[in-house]
Amino acid sequence: MGDLRLAGRTGVVTGGGRGIGAAIATFLADVGAHVIVADIDLETATRTADTIRSRGGAAEAVRVDVGSSAGIDPLVEHLDVAGGPLHFLVNNAAIYAGLKHTPLEDIDEQEWDSVQRVNVAGVWNCSKRLLPALAASGHGHIVNIASAIAFRGSPMLLHYVTSKAAVVGMTKAMARELGGRNITVNAVAPGFTWSDASLEMSTDEQLAAQIARRSIKRAQQPEDVTGAVAFLCSDLAAYITGQTLVVDGGSHMN
Ligand SMILES: NC(=O)c1ccc[n+]([C@@H]2O[C@H](COP(=O)([O-])OP(=O)(O)OC[C@H]3O[C@@H](n4cnc5c(N)ncnc54)[C@H](O)[C@@H]3O)[C@@H](O)[C@H]2O)c1
């Protein structure tokens, strides 16, 4: 049997500079993991790593752009220098902040392409570049951050909803392909979460409507997502793969 404590484990959280990614990175470090906070914004990634260290944890920050395979080079180099296997990868980085609710016929083609490149190909890029290090651990865990929006099919964000639905499909295909290397691949699909990005993008009425839809009638916070991710990064979940766990206070139910 495994243990939720991740002492002795090393892992990467992409997009760990702020919001849900920062909460995940901090919690994983709190339960003992050595966390590499990877973000396109090195300043915020460094802030998360500093927070973790100030709580007694182990963390470093690395600048990556998950939107291309070459953008992962600094992370691969960092892992080569540090040596040792990688036990988990949380593919959380995505273009979400700043997206405007837009009718599908008005979505800018460049924005469409950027969202697919970062949110979809980003999961592929990061996973494929870190596969050797994950396989070397003997029991690697990949957790992709999808979104409950993929099940709800919310209007006016077609590029984003499409990207998150793709992550659910990728999770299944990757799980089948990587099981032979003893790597599990699962997704966590948060509901609408009161991260900085969401609060910047939403009106008070939209925030209230989100709460009303839940079984648990309160706002979802970034910290509500962290336990599910930690479980799937641990050997307690060694026989779970290809699954998407919706964490949304009981709004969408399978
Ligand atoms: N906030 C929500 O309501 C919600 C709900 C469901 C799922 N999600 C998902 O959770 C994750 C985090 O959401 P958030 O609200 O914290 O969003 P956010 O936009 O605040 O954070 C995204 C993080 O990813 C980083 N990033 C963006 N592009 C990158 C790139 N090319 N390479 C590396 N890093 C990059 C950003 O710098 C940022 O730190 C995303 O995958 C998002 O789609 C969010």
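**Entry 1: terms and model**

I take helices (H or I, at least four residues) and strands (E, at least two) as DSSP runs, numbered from the N terminus, and I call two strands paired if DSSP finds at least two bridges between them. I note that the model is predicted, so that local features need pLDDT of at least 70 and side-chain atom pairs count only at pLDDT 80 or more, while totals for chains, interfaces and linings use all residues. My residue numbers start from 1 along each chain as its sequence is written.

**Entry 2: the sheet**

I looked up the strand order first and found seven strands in an open sheet, in the order E3-E2-E1-E4-E5-E6-E7, with parallel pairing. E3 and strand E7 (244-247) stand at the edges, and because each has a single partner strand, one side of each is left without a neighbour in the sheet. For the twist I read an average turn of 20° between neighbouring strands, direction ignored; axes here are lines fitted to C-alpha atoms, for helices over the stretch in contact, and angles run from 0 to 180 degrees between N-to-C directions.

**Entry 3: strand E1 and its two partners**

Is E1 mostly covered or mostly open? I find E1 mostly covered, since four of its five residues are buried by the definition I use (20 or more other C-beta atoms within 10 Å of a residue's own, against 12 or fewer for exposed and partly exposed in between, with C-beta atoms placed from the backbone). E1 pairs with E2 in the parallel sense over five bridges, and in that pairing Thr10 stands opposite His34 of E2. From E1 the chain crosses through H1 to E2, and I record this β-α-β crossover as right-handed; the term applies if, with the strands pointing away from the viewer, the path from the first strand over the helix to the second runs clockwise.

With E4, strand E1 pairs in the parallel sense over three bridges. I traced two of the partners here: Gly11 has Phe88 of E4 as its bridge partner, and Val13 stands opposite Val90 in E4.

**Entry 4: from E2 to E3**

Strand E2 (residues 34-39) and strand E3 (residues 58-63) pair in the parallel sense over six bridges, and I checked one position, where Ile36 has Glu60 of E3 as its bridge partner. The chain passes from E2 through helix H2 (residues 42-54) to E3, and this β-α-β crossover is also recorded as right-handed.

I then turned to Arg47, whose place is in helix H2. Arg47 is partly exposed, with 18 other C-beta atoms within 10 Å, and its C-alpha atom is separated by 8.8 Å from that of Arg18, which is 29 residues apart from it along the chain.

**Entry 5: E4, E5 and E6**

Both faces of E4 are covered, for Phe88 and Val90 on one side and Leu89 and Asn91 on the other are all buried. E4 and E5 run parallel and are joined by four bridges, with Asn91 standing opposite Asn144 in E5. Strand E5 (residues 141-145) pairs in turn with strand E6 (residues 184-190) in the parallel sense over five bridges, and Ile142 has Val185 of E6 as its bridge partner.

Which strands does H1 touch as it packs on the sheet? I list strand E1 (10-14), E2, E3, strand E4 (88-91), E5 and E6, and the direction of H1 makes about 170° with that of E1; contact means that the C-beta atoms of two residues, placed from the backbone, lie within 7 Å. Helix H7 (residues 158-178) also packs on the sheet, where it touches E5, E6 and E7, and its direction makes about 165° with that of E6.

**Entry 6: two loop residues**

I looked for positive phi outside glycine and noted Met156, with phi near 75°, in the loop between helix H6 (149-152) and H7. Met156 counts as partly exposed because it has 14 C-beta neighbours inside 10 Å. Asn182, likewise not a glycine, has a positive phi of about 60°; Asn182 is found in the loop between H7 and E6 and is partly exposed, with 15 other C-beta atoms within 10 Å.

**Entry 7: around the ligand**

I count a residue as near the ligand if its C-beta atom, placed from the backbone, lies within 6 Å of it. Of the 31 residues around the ligand, Gly15, Gly19, Ala94, Ala97 and Ser195 come nearest. Helix H1 (19-30) and helix H8 (196-201) each supply at least two residues of this shell.
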